[in-house]
Structure formats: C-alpha cells, structure tokens
Amino acid sequence: MRTRWRCVLAGAALVLLAGCSGGTSADSARSAVASAPQQEGAAPKQGNAQASVPAPGATDRKLARSARLELTTPKTNDVLSRAKAIATGAGGYPGQESATDDSASLTLAVPAEKLDGVLDQLSGLGQVKRREISAQDVTAQVVDVDARLATQRASVDRMRALLAKAQSVSEIASVESELTSRQATLESLERQQASLAGQVAMATVSLSVTKQEAPAAPAGGFFSGLSGGWDAFVAFCNGLVRVLGAALPFLIAFGIPAGAVFWWFRRRHRAKPAE
C-alpha cells in the first residue's frame with residue numbers, strides 16, 4: 001500500500017515539473033522579445049560613439065567631388081556629342097541634358113580619380129569662361145552609417161534566432177512584427193551606404209555651353225580690294241564733309257570781316273602810287 005502511494009506522488013511531481021518548465025520557456029521567449037528593443041536602443045549609441053571620433057589617419061578621407069565648366073563655341077551640338085564621348089571613354093555616363101538654339105547644358109558622371117583629366121579634355125572643346133572644382137568631406141557620414149549598419153544587421157540576426165525558438169502563435173506574431181520593423185531600418189541604412197559610396201566613387205560635372213558667333217572670313221581678289229578702296233574713299237569724303245560743315249560757321253563769322261579788311265588795305269596800297 002505504501003509503495004503504491006509513493007508511485008502516485010512521484011507521477012504527480014513529474015507532471016508539475018513539466019508544466020512549470022513549459023511555462024518558463026514561453027515566458028523567457030516573451031521577455032527576450034520585450035527586452036530586445038531596449039538592448040538594441042543602446043547598441044547604436046555605442047556604434048555612434050565610436051564612429052563620431054575616428055582616430056587621425058585610421059580611415060581614408062571620403063570626398064564627394066563635383067565640377068562646373070562653362071564654355072563658348074560656335075557649334076553647341078558638336079560640343080555636347082564630344083562631351084558625351086569623353087565621359088563614356090573615361091568610364092562614366094551622361095545624365096540630364098537640355099539645349100536651345102543659343103545654349104545647352106549637360107550633366108556628366110565620371111570616376112572621381114579621372115575628374116581632372118576629363119575636365120582638361122572638355123576644356124579643349126571651346127573657350128573656357130568658368131571652371132570650378134569642389135569637394136565635400138563625407139568621411140564622418142560614411143563611418144557613422146557603416147557602424148549603424150553593422151549594429152542593425154546583428155539586431156536582425158538576433159530577431160531571426162528568436163523567431164526560430166518561438167512556439168505559440170502570439171510569440172511568432174510578436175517576433176515577426178519586430179523583425180519586419182528592423183529589416184526596414186536595415187534596408188534604409190543600406191540605401192544610405194550605397195548613396196554615399198556612389199558620391200565618393202563618381203564625380204559630377206555640370207557643363208554649360210553658349211553659342212558664339214563665328215567671325216566672317218575675309219574675302220580676297222581684285223573686286224574685294226576695289227570694294228575696300230571705295231569704302232575707304234567714301235569714308236574719307238564723309239569725314240571731309242563733316243570737317244567742312246563744322247568749320248563753315250567759323251569761316252562765315254571771321255572770313256567775311258577779314259576779307260573786307262584785306263580788300264580795303266589792298267585798295268589803299270594801289271591808290272598811293274597814283275597820287
């Protein structure tokens with residue numbers, strides 16, 4: 001009789017232990033999901049603290065370079081075609097383009113290390129009116145995004161591990177919701193990283209072209225010389241007429257009295273010998 005009661009008590013104890021262990025595993029999964037956001041909130045701060053003050057010389061400087069070039073040329077369409085060929089030959093590509101009868105503009109993307117050489121080639125397509133090169137240091141942004149991206153990837157991996165251990169429907173739904181949010185943040189950081197990498201790798205060139213009237217070619221031959229001589233003669237006559245017109249009032253004002261005085265003296269001089 002005593003042996004039978006001992007067996008019954010032992011079986012009841014095993015059932016209670018199994019129920020307690022099952023409840024403990026479920027509670028631990030929920031507590032892990034609830035505490036994960038708090039842990040993740042502290043992780044990016046550590047990454048930002050490390051990225052905000054990089055050691056001097058520890059990383060290469062990341063520069064986003066750009067340039068602006070203004071040219072004048074008799075043929076704007078030819079310049080645009082040759083500019084596209086220059087950019088393509090350097091490993092770049094043309095972007096936005098607009099053109100009118102007297103002007104045109106074109107945006108080019110070229111490898112940053114070839115920017116100076118490309119500008120030299122473009123400058124030979126016309127007369128340079130303006131040439132500018134600028135560089136923006138994006139090193140801090142690149143380091144910060146890289147640190148946040150590494151932290152976010154670790155966060156997503158932890159949420160996936162929790163999802164694999166979840167047992168009930170409520171646990172799975174809770175973990176999946178948090179995982180979706182963190183994956184969206186991860187994708188946003190990846191786009192920022194790609195954008196910064198593109199700015200550093202490729203430089204932007206803004207090209208403006210203005211049409212310049214070509215000077216008329218001088219004509220040669222006998223008739224051209226005759227025409228030139230006649231134009232010079234006409235110009236001389238016009239100048240002479242202008243001088244005479246300007247001097248005529250003075251001649252009238254002073255010439256008539258001077259002529260009268262001269263005539264009087266001459267008549268008097270002739271009258272003396274006769275006397």
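**View 1. The buried residues of helix H5.** In this predicted model, helix H5 has a set of buried residues: Glu171, Val175, Leu179, Arg182, Leu186, Leu189 and Leu196. Why might buried positions recur along a helix at steps of three or four? An α-helix has 3.6 residues a turn, so residues three or four places apart point the same way. H5 itself covers residues 169-201, which makes 33 residues. From its first C-alpha to its last, H5 reaches 47 Å, close to the 48 Å expected at 1.5 Å a residue.

**View 2. The largest nonpolar core.** Here we look at a core of 23 residues. Which of them touch the most other members? They are Ala83, Leu108, Val110, Leu115, Leu122, Leu125 and Val205. At least two residues of this core come from each of these elements: E1, helix H2 (76-89), strand E3 (103-111), helix H3 (115-123) and strand E5 (202-211). H2 gives the largest share, five residues. As a general rule, nonpolar side chains in soluble globular proteins tend to be buried together.

**View 3. Around Leu122, and a second core.** Zoom in on Leu122 and, setting aside its neighbours within four places in sequence, you find it in contact with Leu69, Leu71, Ala83, Ile86, Leu108 and Val205. Apart from the largest core lies another one, of seven residues, including Val156, Met159, Leu179 and Leu189. Leu179 and Leu189 also appear among the buried residues of H5.

**View 4. Thr73 in strand E1.** Strand E1 runs over residues 63-73, and Thr73 is part of it. Is Thr73 buried or exposed? Thr73 counts as buried because its relative accessible area is 8%, and the cut-off for buried is under 20%. Leaving out neighbours within four places in sequence, Thr73 is in contact with Val79, Leu125, Gly126, Val209, Thr210, Lys211 and Gln212.

**View 5. A nonpolar patch on the surface.** Leu248, Leu251, Ile252 and Ile256 make a nonpolar surface patch of about 420 Å². Leu248 sits in helix H6, which spans residues 222-274. With a relative accessible area of 45%, Leu248 is partly exposed.

**View 6. Stepping back to the whole protein.** Six helices and five strands make up the secondary structure, and along the sequence they follow the pattern α-β-α-β-β-α-β-α-α-β-α. The protein has 275 residues, and 22% of them count as buried. Its accessible surface comes to about 18,900 Å², with 60% belonging to carbon and sulfur atoms. Among contacts between residues at least 6 apart in sequence, 79% join residues at least 24 apart.

Note on methods: Residues numbered from 1 in each chain as written. Predicted model: local features only at pLDDT ≥ 70, side-chain atom pairs only at ≥ 80, totals over all residues. Heavy atoms only, no water. Helix = DSSP H or I, 4+ residues; strand = E, 2+ residues; numbered from the N terminus. Expected span 1.5 Å × (residues − 1). Buried < 20%, exposed > 50% of the residue type's maximum accessible area, 1.4 Å probe, protein only. Contact = heavy atoms within 4.5 Å. Core = buried A, V, L, I, M, F, W, Y, C linked by side-chain atoms within 4.5 Å. Patch = residues over 30% accessible without salt bridge, like charges linked within 9 Å, V, L, I, M, F, W, Y side chains within 5 Å. Areas by Shrake-Rupley, 256 points an atom, 1.4 Å probe, with all protein chains shown as cover. Salt bridge = Lys/Arg side-chain N within 4 Å of Asp/Glu carboxyl O.
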